[in-house]
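Visitor: Please take a close look at a single part of this structure and describe its surroundings. I would like the cut-offs stated along the way.

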Amino acid sequence: MSTAERPPVDGLDYEQARDELTEVVRALEVGGLSLDESVALWERGEALARRCEEQLAGARDRVEKVLGATDTPES
């Protein structure tokens, strides 16, 4: 599937972005792509990595918020 046929990165959840990023890395490692295909795949991989980082940061913030709420002393 070409990068143009893939769903927008911002619509992917963490697992989808991680799995596709794994595919991108594998395809780049195998090689055999044209320069344009490699660059497009690299750009997609960068976007997927950013999406994963955003998702993880959001999860971390939610966990910290919950932990902060349970750490407050009761009145």
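Guide: What follows starts from one residue, E20, and works outward to its partners, the core and the second helix.

This is a predicted model, in which local features need pLDDT of at least 70 and side-chain atom pairs count only at pLDDT 80 or more, while totals for chains, interfaces and linings use all residues. Residues are numbered from 1 along each chain as its sequence is written, and side-chain values use heavy atoms, with hydrogens and water left out.

E20 is found in helix 1, residues 14-30; helices here are DSSP runs of H or I with at least four residues, strands are runs of E with at least two, and both are numbered from the N terminus. The relative accessible area of E20 is 7%, so this residue is buried (buried is under 20%, exposed over 50%, partly exposed in between, with a 1.4 Å probe and protein chains only). Apart from neighbours within four places in sequence, E20 is in contact with R6, L12, R44 and L48, contact being heavy atoms within 4.5 Å.

Two of these partners carry charge pairing with E20. A salt bridge is a side-chain nitrogen of Lys or Arg within 4 Å of a carboxyl oxygen of Asp or Glu. R6 forms one with E20, with the closest N and O atoms 3.5 Å apart. Because R6 lies in the segment before helix 1 and E20 in helix 1, the pair ties together parts that are 14 residues apart in sequence. R6 also counts as buried, at 18% relative accessibility.

The other salt bridge joins E20 to R44, where the closest N and O atoms are 2.7 Å apart. This pair links distant parts of the chain, E20 in helix 1 and R44 in helix 2, 24 residues apart. Both E20 and R44 are buried. The side chains of E20 and R44 also share a polar contact of 2.7 Å; that term covers a pair of N or O atoms within 3.5 Å, where within protein one must be able to donate a hydrogen and the other to accept it, and residues adjacent in sequence count only if both atoms are side-chain atoms.

A search of the whole structure finds 5 salt bridges. Another of them is R51 with E54, at 3.7 Å between the closest N and O atoms. Both residues lie in helix 2, 3 residues apart, about one turn of the helix. Salt bridges that share partners join R6, E20, E23 and R44 into one network.

L12 and L48, contacts of E20, belong to the largest nonpolar core, whose 8 residues are V9, L12, A17, V24, L41, A47, L48 and C52. Such a core is a set of buried Ala, Val, Leu, Ile, Met, Phe, Trp, Tyr and Cys residues joined through side-chain atoms within 4.5 Å. Helix 1 and helix 2 (35-71) are the elements giving two or more residues to this core, and helix 2 supplies the largest share, 4 residues.

Helix 2 has 37 residues and reaches 53 Å from first C-alpha to last, close to the 54 Å expected at 1.5 Å a residue; the expected span is 1.5 Å times one less than the number of residues. Its buried residues are L41, R44, G45, A47, L48, R51 and C52, and they pack against helix 1.
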